[in-house]
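The exercises below go with one structure. Work through each task before reading its solution.

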Amino acid sequence: MTIEVEWRDYDVIVVGSGGAGSAAADAAAAEGARVLVVSKDPIACSDTKISEGNATVRGTVSDADTEQVLSDNLRVSGADLPLPALTDAYAKDSRPAYDWYRAHGLRPKINQDRKGPFARPLAKGGHTVARSVGHKNAGVAFSHAAWDAVVEGAHIDYLEDAWFLDLAVEGAENGAPGRVAGGLVYHAASGTLVAVRAPAVVMASGGLNTLYFPKTDTMRGNTGDGYAAAARAGADLVDMEQVQFLPFCLTAPASYEGLLVGEPSTASFLGVLRDRHGKVILDGVYLRTRAECSAAIMRAVADGRGTDDGGAYLDLTANARLPRSGKGFMRYLETSMPSAYRTARQALSKPAVRCEESWEVRPAAHYTMGGIRVDATGASVGGADDGTAAAGLSGLFAAGQAMGGVFGANRLGSTALTENVVFGLRAGRGAADHARTHSRATGDDAFRSLIAAAVAQFGQSGDQAPAHLKLELQRAAWDCIGPARTADSLNRMDAVIDDLADRAGRAAVPDYALWNQAFIEWVELRSLLDVARAVTAAARERDASVGGHVRLDRPQVSILAQPYSTVVRGQAANDGVLRFHANRARRPRTPAMRLLAMRLKDAWRKVQAKVLCLLPPALLDPILDRRYRAILGPGDAAPAVSPGGPAAAVADAAE
Ligand SMILES: Cc1cc2nc3c(=O)[nH]c(=O)nc-3n(C[C@H](O)[C@H](O)[C@H](O)COP(=O)(O)OP(=O)(O)OC[C@H]3O[C@@H](n4cnc5c(N)ncnc54)[C@H](O)[C@@H]3O)c2cc1C
């Protein structure tokens, strides 16, 4: 069949319209670039929209929260895999990034004394300082800012219901990546292929968490398309084995499976994790990182001590039982992560919601910490260690969940919404600058084979349904490259991928162009297969347990070991299948004194937490009661999530 091909010319293509894509488009347009945003979901309907709306803003509580403290926090919690240049950029820009959201309509309540928003008083697990700002209407407030930037933005065109298929690349030779000439898009709503000539592309296409569906709390569009397209075009991916599995997600009922009901901080002062026999498998939960909690659950499951649904019990009952502070805890629970608590209220039994019973929880895929390998300007890099843009795919930029290198082995709660904009703005500026200084594609050759392959897919007769193959892949991914892995499970995954890739070649796709769902399923299946291979290759290179990568058959990485990131680069074999070569990029260890200081601080907090738990209820109750009053503020009003008025506008706050 024939499908119409429409040709367009732009300076910059931005793939995705969540926090990262919208910031990139805004920044590129501000530099004078003509920008096209393509988004398979309606503009701003993305993980940014369904998030809890907690954002990291450095220095909201104390001047001692310096750039170095935040940068160190990110690196130490990420097991020193994050690149210092990226964590430093994050720490430097976290406040301006937050102000970008505010300029586009976010209205926090402002603390006039500190000329900034209020932070939630309890630091999220792994943060050594309270700096997470909560918002009424959660992620909707952030996605509205994203929507505003794209739809109201000058010089920005956008296509919704538009699947970015592949990067068009020219000039690749001798195994070195070439330069971007644009990209091919399937616009489902008009039933056309759109061939977009542009010297720069910003990939802001989110993560790969749908690889683990239904054990994920993210949007279904997280099919790793951006990573796959970048890898097919010759770009490096970094730390792909590092998928964040959020520990406290639901196991049942079926329609709620995978949805998040809390953070480590939800456990509050007395919450613990228990195995199926009631034995404590982790205490001091509220001070732990997500990776520590998920690993504790998956190790108990592997030992045969998990629940029937492969999880563990989050036991909050001790918090709620105390006569005075119990009320404060319940108010804290309702207000600290309001949408997560609403989900718990709908899915769990009434006694569980009152915290008279434990909650059955299981990790679920939440965030992809690895991604496209970039520098601090968001440009694709290649080569040894930090890499250089000269060895990367010229013209490719990435931001948000699509990029890797900033969170390493573990992302701390509330850091992503800020990261979106820190690197969205940098990538947008970088892309506009690149478009200004690099000439346009020399011809349309780079598009021809891409168009031919896409056209050939429509009207394919075959005996395999792509949607069904996707489900098989998702089941295997959870079992083999999910939150717990072994050498054997990695091998099994490779065999499943080979089988499914073979059957994907026999996929049936009807021969109409408008909203062809089977074609879309095939496109996403192809991406999921490519990224599953990338995860497996990186997981094999990471021959020990660290952060989100739990190897049941290997020890934990020693803190004295030289840190390294895994780098994978794809190469299409003769059978057309993308295979990955993995290698290591050295990372500097956080200087010993700084590392020691942070570890001691962390250990001290954990000792204090343990001592607290040992106090008799008559002493403990008033102490916790005072703490909850401090957290909730006068009248238990939970000030951090109150909406702001006109005084919250950026210009007013800066007065
Ligand atoms: C339930 C939940 C709660 C969270 N809570 C918080 C929180 O409180 N604080 C925090 O900091 N983080 C939180 N996060 C994480 C955070 O929301 C996300 O990591 C972040 O918003 C991702 O932004 P992004 O712009 O990178 O991607 P997204 O917002 O996911 O946007 C991806 C975009 O790419 C598009 N896209 C994908 N593939 C294609 C393609 N092939 N062609 C065209 N378009 C494509 C999508 O349509 C979408 O527009 C939460 C996440 C979830 C799921």
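**Exercise 1.** Leaving aside its neighbours within four places in sequence, which residues is Ala28 in contact with? The model is predicted, and the solutions describe that model.

Solution. Start with the place of the residue: Ala28 belongs to helix 1, which runs over residues 19–30. Next take its accessibility. The relative accessible area of Ala28 is 0%, and buried means under 20%, so Ala28 is buried. Then list the partners: with neighbours within four places set aside, Ala28 contacts Val12, Ala33, Val35, Gly428, Arg429 and Ala432. A residue that is not in this list is Val361. From Ala28 to Val361 the C-alpha distance is 42 Å, and the two are 333 residues apart in sequence.

**Exercise 2.** Determine whether Thr210 and Asp47 are buried, partly exposed or exposed, and state what each one touches.

Solution. Begin with Thr210, which sits in the loop between strand 12 (200–203) and helix 6 (225–232). Its relative accessibility is 5%, so Thr210 counts as buried. Beyond four places in sequence, the contacts of Thr210 are Met219, Arg220, Gly221, Asn222, Thr223, Gln474 and Leu528.

Now take Asp47, located in helix 2 (residues 47–50). Because its relative accessible area is 21%, Asp47 is partly exposed; the cut-off for buried is under 20%. Not counting residues up to four places away, Asp47 touches Thr218, Met219, Asn222 and Gln401. Comparing the lists, Met219 and Asn222 appear for both Thr210 and Asp47. As for Leu471, its C-alpha atom is separated from that of Asp47 by 21 Å, with their positions 424 residues apart along the chain.

**Exercise 3.** Which residues of helix 10 are buried, and why can they be said to line one face of the helix?

Solution. First, pick out the buried residues of helix 10 (residues 338–347): Ala340, Tyr341, Thr343, Ala344 and Ala347. Second, look down the helix axis: these buried residues fall within an arc of 155 degrees, so they line one face of helix 10. Third, recall the geometry: an α-helix has 3.6 residues a turn, so residues three or four places apart point the same way. Last, find what the buried residues of helix 10 pack against: strand 14 (243–250), strand 15 (260–262), helix 9 (325–336), helix 11 (350–353) and strand 19 (359–368).

**Exercise 4.** Describe the second largest cavity and its lining.

Solution. There are three cavities of 30 Å³ or more in the structure. The second largest holds about 80 Å³ of space. Its lining consists of 14 residues, and those nearest the centre are Phe245, Ala291, Ser294, Gly547 and Gly548. Strand 14 and helix 7 (290–302) each supply at least two lining residues. Helix 7 contributes the most, with four residues. Sorted by class, the lining has eight nonpolar, five polar and one charged residues.

**Exercise 5.** How does the radius of gyration of the chain stand against the globule rule?

Solution. Count the elements: the chain has 19 helices and 24 strands. Its radius of gyration is 24 Å, close to the 26 Å that the rule gives for 655 residues, so the chain is as compact as a globular protein of that length. The C-alpha atoms fill a box of roughly 75 × 60 × 45 Å along the principal axes. Of the 655 residues, 60% count as buried. Finally, among contacts with a separation of 6 or more, 75% join residues 24 or more positions apart.

Terms used. Residues are numbered from 1 along each chain as its sequence is written. This is a predicted model: local features need pLDDT of at least 70, side-chain atom pairs count only at pLDDT 80 or more; totals for chains, interfaces and linings use all residues. Side-chain values use heavy atoms; hydrogens and water are left out. Buried means under 20% relative accessible area, exposed over 50%, partly exposed in between (1.4 Å probe, protein chains only). Contact means heavy atoms within 4.5 Å. The arc is that of the directions from the helix axis to the C-beta atoms. On a 1 Å grid over the protein atoms alone, a cavity is a set of points where a 1.4 Å probe fits but cannot get out, and a pocket is an open set with protein on both sides within 12 Å along at least five of seven lines; lining residues have an atom within 4 Å of a point. Grid points are joined across faces, edges and corners, and a volume is the space filled by probe spheres set on the points. Ala, Val, Leu, Ile, Met, Phe, Trp, Tyr, Cys and Pro count as nonpolar, Asp, Glu, Lys and Arg as charged, and the others, Gly among them, as polar. The radius of gyration is taken over C-alpha atoms; the globule rule is 2.2 Å times the number of residues to the power 0.38.
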